[in-house]
Amino acid sequence: MRAGMTSAAVAALPGTRAAAEGHGMPGGGYAWNVEAVGYCDMDGRPAFKMAIREVAGRWHLHTGHFWDSGWSVVDVTDPARPEVAAFVPGPPDTWTLQVDLSGTTMVTALEQIFPNFGGDPDAEFEDGVLIWDIEEPLRPKRLGHFRTGGTGTHRNHYPGGRYVHLAAGLPGHTGNIYLILDIADRRRPREAGRWWVPGQRDGEASERGGASGPDRASERDGATTAAPAGHGFCCPTGADVSLHGPAYVAGHHAYLPYGAAGMIVLDISEVSRPTPVSTLRFSPPFHSRFGVHSVLPLPERGIAFANSENVTYAEGPAHHNSIIDITKPAEPYLLSLFPEPVPPKNAPYDDFTTRGGWRGPHNINHHQHHPDVERQGNLFYVAHFNAGLRIYDVSNVRLPREVGYFLPPDPSRRYGPMPEDRLVTQTEDVVVDRRGCIYISDKNQGVWILRYTGPRGSEHRTTRHRPPRTP
């Protein structure tokens with residue numbers, strides 16, 4: 001029955017030619033330079049974050065979930081016939097949204113469910129992260145549990161090796177802070193270091209007006225350090241200064257998407273004492289809450305990608321999707337902004353701001369540390385909430401341009417309370433494997449498997465960004 005539903009869903013879509021011409025699809029979807037290959041209804045459990053892994057010729061998509069506690073493993077060896085091959089139940093009244101993996105180790109987040117997503121503030125929940133052995137992909141073995149207290153963890157980064165980089169809600173702090181977890185013994189993970197923005201710790205005054213960096217004194221308390229922010233507070237607890245995560249590690253630097261505090265760069269050569277290097281602020285002029293949601297640094301090209309997350313409904317300041325010069329990590333600066341998506345000509349709405357649901361960029365093809373993920377070249381993939389999947393040519397980092405999109409048909413069933421207004425597409429996450437298969441998830445429908453069919457431009461000329469020479 002599941003295979004039949006998949007076949008029916010994809011059969012309703014236009015072929016490659018129609019998709020390349022930007023034609024509409026049954027149910028209100030649209031596509032340009034993208035074709036639908038397969039669809040998995042996830043057994044009625046909408047997925048959120050995803051991670052891909054190939055083992056002995058079989059491809060498995062590991063997912064967290066929005067409205068169900070637990071994790072699924074989807075066999076996508078044949079992308080036209082995906083199938084949920086395993087489901088591992090999670091603890092009750094607990095968010096199990098996030099998943100990352102490297103080799104045979106998988107890390108999954110445990111977090112208190114936000115009230116506007118249906119969470120009960122008085123319900124007991126599990127917090128922290130679980131460490132799994134996934135040598136047998138369909139039989140994950142739970143090895144360790146690190147408890148953070150507080151609200152748990154949100155988006156975490158595991159690039160392999162000894163350390164996991166957490167966005168953790170800890171007791172005595174407002175919003176999430178940066179915590180480095182040592183999993184040398186996967187059954188007994190332990191804290192190796194932490195860092196936060198002044199004002200996040202209870203009873204601590206925040207500093208205002210100065211930029212973080214090596215020229216500013218940082219507060220040290222044993223194995224902890226903190227640096228000035230210049231913004232007020234927080235996240236699920238009401239503040240705007242909060243590490244959304246993941247803290248993405250490149251060499252001895254960690255790039256932190258720290259909400260209203262901006263993109264913060266730390267030197268983590270000594271993991272027990274992270275040291276501030278620089279801060280690049282985006283709020284203002286862009287919106288404050290989740291003002292920097294994601295950062296993907298590419299030091300070999302001298303650039304980083306960053307974006308905010310807009311969780312308002314047709315209100316407030318603009319969001320952003322940006323390219324940053326990180327040739328000198330201590331002196332980052334903005335290179336360009338991505339163009340806003342434009343609705344198809346025959347769409348029944350004038351813009352995505354007023355379409356309904358959350359709008360703007362959300363997640364990107366982030367798992368660049370994994371060998372089974374398509375390397376970041378000149379095609380940049382963004383899950384763009386009510387504008388679906390957007391694909392950009394970033395060969396010219398000063399002039400990113402859209403080259404394709406896939407706007408799924410709107411969901412036909414509401415699984416949870418979000419979005420709070422109209423039931424529309426809310427594309428949440430995107431992962432692209434090295435076969436060129438693109439996976440996107442949604443709050444209220446299954447996982448689409450897509451393929452880009454447009455021109456790849458000058459991808460063979462991908463080079464390091466070089467700033468202009470000083471006269």
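This tour moves from the whole chain to one hairpin and then to two cysteines, in a model that is predicted.

Begin with the entire chain selected and coloured by secondary structure, where 2 helices and 31 strands can be found. If you then colour the 471 residues of the chain by relative accessibility, buried residues make up 62% of them. With the surface switched on, the accessible area of the chain comes to about 17,500 Å², and carbon and sulfur atoms account for 50% of that area. A contact map adds a further view: among the contacts in the chain with a separation of 6 or more, 56% are between residues 24 or more positions apart.

Next, select residues 99-102, which form strand β8. Are the faces of this strand covered or not? Both are covered, since Val-99 and Leu-101 on one side are buried, as are Asp-100 and Ser-102 on the other.

Extend the selection to residues 105-110, which are strand β9, and you will see that β8 and β9 run antiparallel and are joined by 4 bridges. Within this pairing, Asp-100 of β8, already met as a buried residue, stands opposite Val-107 in β9. Between the two strands of the hairpin lie 2 residues, and if you query the backbone torsions you will find that Gly-103 takes a positive phi near 60°.

Finally, select Cys-40, which is buried with a relative accessible area of 1%, and then Cys-437, which also counts as buried at 1% relative accessibility. How many disulfides does a search of the whole structure find? The search returns 0 disulfides, so a display of such bonds should leave the view unchanged.

Definitions and conventions. Residues are numbered from 1 along each chain as its sequence is written. This is a predicted model: local features need pLDDT of at least 70, side-chain atom pairs count only at pLDDT 80 or more; totals for chains, interfaces and linings use all residues. Side-chain values use heavy atoms; hydrogens and water are left out. Buried means under 20% relative accessible area, exposed over 50%, partly exposed in between (1.4 Å probe, protein chains only). Two strands pair if DSSP finds at least two bridges between them. A disulfide is a pair of cysteine sulfur atoms within 2.5 Å. Contact means heavy atoms within 4.5 Å. Accessible areas come from the Shrake-Rupley method with a 1.4 Å probe; for residues, only the protein chains shown count as cover.
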